[in-house]
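Here is a short tour of a two-chain model. Have the sequence and the 3D view open as you read.

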Amino acid sequence: MTGLERRYRRLLALFPSRHRQAYEAEMLAALLAGAREGQTRPRAGEVVDLARAALTAHLGLIISATFSFLVFGVAHLPIAVVAALLTVGCLAVWAATDGPVFRGPALWPALGAGVIGAGTGWLPRAPFSGTVPWLPVGGQWQYEAGTLGVAVVAVTTVLLAATVLMLPSPIRARVAVLALPVVGLAMLHNAGVSYPSTVVVLCLLVVPFVGIALSRSRRWARLPKEPDPSLPGAGKP
Amino acid sequence: MKDDAPLREPSYLILTSLAAEPRHGYAVIEDVKQISEGRVVIGVGTLYTAIDRLHSDGLIEVDREEVVDSRLRRYYRLTNDGARRLAAETARLTRHAAAATSRLRVLGVEPA
């Protein structure tokens, strides 16, 4: 690999991965074909052009993902992703609140979303999925189910949103942060960037358990220590 | 993309280049330079931004791939939709050019 090629590759690394996968090889070929004899560095115009194109690609990705999520999110969100969102969301609530919040008003929408999500997303897919038999990440049945499928996803999504909105504000913020990876995943999927792989879904499911572990370790750290009887004044009220 | 939305100049020239024959990226850049008499030089970044958009809009498609000197050459060709779009855009530009020409003649100016 020449120095020029290495420098072109560094510039091409500015592009989003989807763009690189599709075009990097042929872009590199075109850049090298257009290089002058003895050229060792990219020309200034090429650097500007590539940087601008990379920025455009990133912005386009963000805009299309956001637009798709806002406008088509309900219709295009696979029920399996909703079910994963539900699972992660419930676990995130548990992690962030250590349970008592489910005795509040957020219990009912969470329960409703749980029943619908499990009944339509997890349960039918889990035993029959050919690709990932133990994770229903391939669930696309709502596309074929038409209005009924969209309605199921819409109701589940609304219930999930209601669950989060009914939480007390400091807990809501913590849960929102924990839910960001799943929302990001759904946006990427809607933008057609990738389908959630088993590894990604597993990572997302692991996040709440890490949250639980962290919240418990923090709680234990805050517990008052037993007074040392050898110290003066120990045992006095 | 809406059918009546004007094409940007790079996209128009890329479609024009591919109307002649399937071409790979660098060949498109060289052909556009020739069509525009050196006035338009499309950078590789701009070219592939346009190719990505034209491809997703169904105006061009991959014709074939070749490996030359260990480098990938992907050839693109115009689709039927692309040809229709290029024809519509050309008709629009021709109308505008005709209107400009007739009004310039009134002023006694002949387009070069």
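What span should the 13 residues of H3(B) have at 1.5 Å a residue, and how far apart are its end C-alpha atoms? H3(B) should span 18 Å, taking 1.5 Å times one less than the number of residues, and its end C-alpha atoms are 18 Å apart, which agrees. Helices here are DSSP runs (H or I, at least four residues) and strands are runs of E (at least two), numbered from the N terminus.

The model is predicted: local features need pLDDT of at least 70, side-chain atom pairs count only at pLDDT 80 or more, and totals for chains, interfaces and linings use all residues. Residues are numbered from 1 along each chain as its sequence is written, while chains are lettered from A and ligands numbered from 1 in the order in which they are written.

Staying with H3(B), its buried residues (20 or more other C-beta atoms within 10 Å of their own, C-beta atoms being placed from the backbone) include B:Val44, B:Leu47, B:Ile51 and B:Leu54. After H3(B) comes B:Gly58, with a positive phi near 80°.

Now to the meeting of the chains: 19 residues of chain A are in contact with 15 residues of chain B, contact being C-beta atoms, placed from the backbone, within 7 Å. Three elements of chain B each supply at least two residues to the side that touches chain A:

| Element of chain B | Residues |
|---|---|
| Helix H2 | 25-35 |
| Helix H3 | 44-56 |
| Strand E2 | 71-78 |

H3(B) gives the most to that side, with six residues.

Key: Contact = placed C-beta atoms within 7 Å. Buried ≥ 20, exposed ≤ 12 C-beta atoms within 10 Å, placed from the backbone.
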